[in-house]
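Here is a short report on a single protein model. It moves from one helix to the overall fold, then to charged pairs and aromatic rings.

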Amino acid sequence: ASSSSPSRIGMSDAAAAAEPEEEKKNFLQKLKNMVPPANERKKLLPLALMFFCILFNYTILRDTKDVLMVTAPKSGAEVIPFIKTYVNLPAAIGFTAIYAKLCDKLEQKNVFYACTIPFLIFFGLFAWAIFPNTSWLHPHAFVDAVAGHLPAGFAAPLSIIRNWSYAVFYVMAEMWGSVVASLLFWGFANEVTTVDEAKKYYPLFGMGANVALIFSGQYVKWVSKMRANLPPGVDPWGMSIKYLMAAVVGCGAIMTGIFSYMQNNVMTDPNCVDQEKRKNKAKKKKVKMGMRDSAKFLMKSPYIRDLATLVISYGMCINIVEVSWKAKLKQAYPDPNAYSAFMGNFSSATGAVTLIMMLLGRTIFEKFGWRTAALVTPTTIGVTGLIFFALTIFSSTFAPVAAALGTSPLMLAVLVGAAQNILSKSSKYSLFDPCKEMAYIPLDQESKTKGKAAVDVIGNPLGKSGGSLIQQVMIFAVGSLAAATPYLAGILGVLIYFWYKAANSLGDQFEEAMEME
């Protein structure tokens with residue numbers, strides 16, 4: 001018996017040695033499967049780079065517009081709701097009308113140039129021509145004279161007129177997000193990718209968004225540091241604006257370059273884009289529609305209507321919870337430094353959770369499909385939002401719970417609100433956006449361009465200003481934000497219900513459209 005044992009041991013050793021070999025092969029195979037094939041790489045890498053450039057710009061513009069408007073002479077944060085409702089919304093509606101005209105007159109690729117290049121020209125002009133001359137461009141004396149005859153409540157709208165070039169910058173910066181990022185970039189991405197590729201890669205584009213945030217944040221920091229070493233007599237803020245806008249124009253130029261490369265090399269490559277489908281979609285086009293007809297066409301299409309409901313509900317729900325949370329946050333951290341330290345940690349947490357959600361997002365799409373992915377965002381916002389409102393309304397009831405956790409009901413509400421915000425933002429980037437973009441892919445050209453313009457360019461600001469309006473009305477009716485909380489919780493519930501209905505009905509239509517493809 002003893003003589004046979006070594007050979008048996010030898011055999012089990014060999015088997016054991018073969019196992020890691022097998023595992024190694026499987027692991028390498030898995031890695032290989034994760035790397036997209038050449039024809040997909042040819043599309044994805046330029047698209048990812050374009051997205052990076054667009055979001056790098058968006059982050060810089062978003063930070064700059066707030067600083068400009070809030071710190072402008074005789075202005076402040078109270079100006080922002082006025083700009084959002086009375087300047088941004090009309091501008092968005094106007095743009096949508098122009099865009100519909102451009103889509104009728106020009107080829108799709110020229111529409112892209114016609115919409116992006118004016119932005120870049122404006123941002124360049126702003127830094128080198130407008131900002132250095134604001135002292136005589138802004139009608140301060142005239143507005144002061146008018147302000148003398150008007151009640152104090154008019155201060156905010158007047159400061160928009162007083163600092164008109166900053167207000168224009170503010171609107172252009174906001175529009176960069178809705179027009180270039182949402183409408184033009186995703187519209188182009190939807191033309192190039194198939195639904196299967198979109199399921200795999202759209203959640204990953206969001207990662208690019210996070211990387212762009214980090215880079216542009218660092219660039220802004222670098223520019224701020226450089227301001228410290230300027231010689232006397234140089235306007236430091238004017239200098240920063242030049243550096244920031246130079247980066248925006250540079251990145252914009254790279255983006256247009258990549259776009260034109262893709263038009264010439266990717267769109268014409270049969271391995272990358274199905275040429276038959278492209279021809280058929282191009283043939284179907286060119287039904288000329290005026291603004292009213294376009295609006296009617298969109299209202300008639302239940303598909304676009306549901307998509308719009310998704311976008312508007314998201315904007316309103318976020319707005320309703322966020323404002324109440326920020327009020328609580330101010331109570332908990334009255335000192336600005338402590339407040340900004342908390343916000344810093346909050347931003348880092350959002351980034352980290354979003355990256356985890358992106359990786360989860362791919363799995364959710366593959367395992368459970370479009371409908372489940374689309375329902376994750378309203379579920380998270382609904383559940384966490386209602387818990388937050390419950391903590392706010394019944395704070396005395398939750399006092400023993402908070403005490404058991406070693407904190408106060410106020411702090412508990414702040415933390416739940418923060419979790420609410422982080423989860424809803426990360427589920428937006430990882431699931432909501434990819435779902436919304438995928439839904440456009442099976443549509444015909446007309447619905448794709450005009451439907452997308454209406455949903456993205458008007459839907460976004462409409463959701464935000466809709467949420468603000470509900471709050472303005474509530475505060476006006478019951479006297480304060482705190483007193484309005486129970487009503488806001490009720491409104492949130494109603495919005496989530498409609499959101500659910502729209503997502504479910506869109507799920508059915510999307511699956512039908514996919515079977516038709």
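## Helix H4 and its surroundings

Leu125 sits in helix H4, which covers residues 108-130. The model is a predicted one. At 45% relative accessibility, Leu125 is classed as partly exposed. Together with Ile117 and Ile121, Leu125 makes up a nonpolar patch on the surface. The accessible area of these residues together is about 260 Å².

Ser165 presents another picture. Its place is in helix H8, residues 164-192. Ser165 counts as buried because its relative accessibility is 2%. What does Ser165 touch, once neighbours within four places in sequence are set aside? Its contacts are then Phe126, Ile130, Thr134 and His138.

Phe126 also belongs to an aromatic cluster. The other members of that cluster are Phe119, Phe122, Phe123, Phe131, Tyr166, Phe169 and Trp176.

## The chain as a whole

The secondary structure is helical: the protein chain has 18 helices and zero strands. The chain has 517 residues, and 46% of them are buried. About 25,000 Å² is exposed by the protein chain. Carbon and sulfur atoms supply 67% of that area.

How are contacts spread along the sequence? Take the contacts between residues at least 6 apart in sequence. Of these, 83% join residues at least 24 apart.

## Salt bridges

Side chains of opposite charge can pair when their charged atoms come close. Across the whole structure, a search finds 14 salt bridges. Among them are the pairs tabulated here.

| Pair | Closest N to O distance |
|---|---|
| Lys200 and Glu40 | 3.9 Å |
| Glu174 and Lys65 | 3.0 Å |
| Lys425 and Glu322 | 3.1 Å |

Start with Lys200 and Glu40, which form a salt bridge at 3.9 Å. Lys200 lies in helix H9 (residues 195-227) and Glu40 in helix H2 (residues 38-71), so this pair ties together parts that are 160 residues apart in sequence. Lys200 is partly exposed, at 28% relative accessibility. Glu40 is buried, at 10% relative accessibility.

Next come Glu174 and Lys65, whose side chains meet at 3.0 Å, N to O. Glu174 is in helix H8 and Lys65 in helix H2, so the bridge ties together parts that are 109 residues apart in sequence. Are these partners buried or exposed? Glu174 counts as buried because its relative accessibility is 15%, under the 20% cut-off. Lys65 is also buried, at 3% relative accessibility.

The side chains of Lys425 and Glu322 meet in a salt bridge of 3.1 Å, N to O. Lys425 belongs to helix H16 (residues 409-440) and Glu322 to helix H13 (residues 302-332), so the pair ties together parts that are 103 residues apart in sequence. Lys425 has 24% relative accessibility and counts as partly exposed. Glu322 has 19% and counts as buried.

Some bridges share partners. Lys436, Glu437, Lys452 and Asp456 are joined into one network in this way.

## Aromatic pairs

How many aromatic pairs does a search of the whole structure find? The count is 31. One of interest is formed by Trp222 and Tyr243. Their ring centres lie 6.1 Å apart and their planes meet at 75 degrees, so the pair is edge-to-face. Trp222 is in helix H9 and Tyr243 in helix H10 (residues 236-265). The two residues are 21 apart, and the pair links distant parts of the chain. Trp222 is partly exposed, with a relative accessible area of 46%. Tyr243 is likewise partly exposed, at 29% relative accessibility.

Tyr497 and Phe498 give another example. The ring centres are 5.4 Å apart, with the planes at 65 degrees, so this pair is edge-to-face as well. Phe498 has a relative accessible area of 43% and is partly exposed.

Technical notes:
Residues are numbered from 1 along each chain as its sequence is written. This is a predicted model: local features need pLDDT of at least 70, side-chain atom pairs count only at pLDDT 80 or more; totals for chains, interfaces and linings use all residues. Side-chain values use heavy atoms; hydrogens and water are left out. Patches are made of residues with over 30% relative accessible area and no salt bridge: like charges are joined within 9 Å, nonpolar side chains (Val, Leu, Ile, Met, Phe, Trp, Tyr) within 5 Å. Accessible areas come from the Shrake-Rupley method with a 1.4 Å probe; for residues, only the protein chains shown count as cover. A salt bridge is a side-chain nitrogen of Lys or Arg within 4 Å of a carboxyl oxygen of Asp or Glu. Helices (H or I, at least four residues) and strands (E, at least two) are DSSP runs, numbered from the N terminus. Buried means under 20% relative accessible area, exposed over 50%, partly exposed in between (1.4 Å probe, protein chains only). Contact means heavy atoms within 4.5 Å. Rings of Phe, Tyr and Trp (its six-membered ring) pair if their centres lie within 6.5 Å; planes under 30 degrees apart count as stacked, over 60 as edge-to-face and the rest as tilted.
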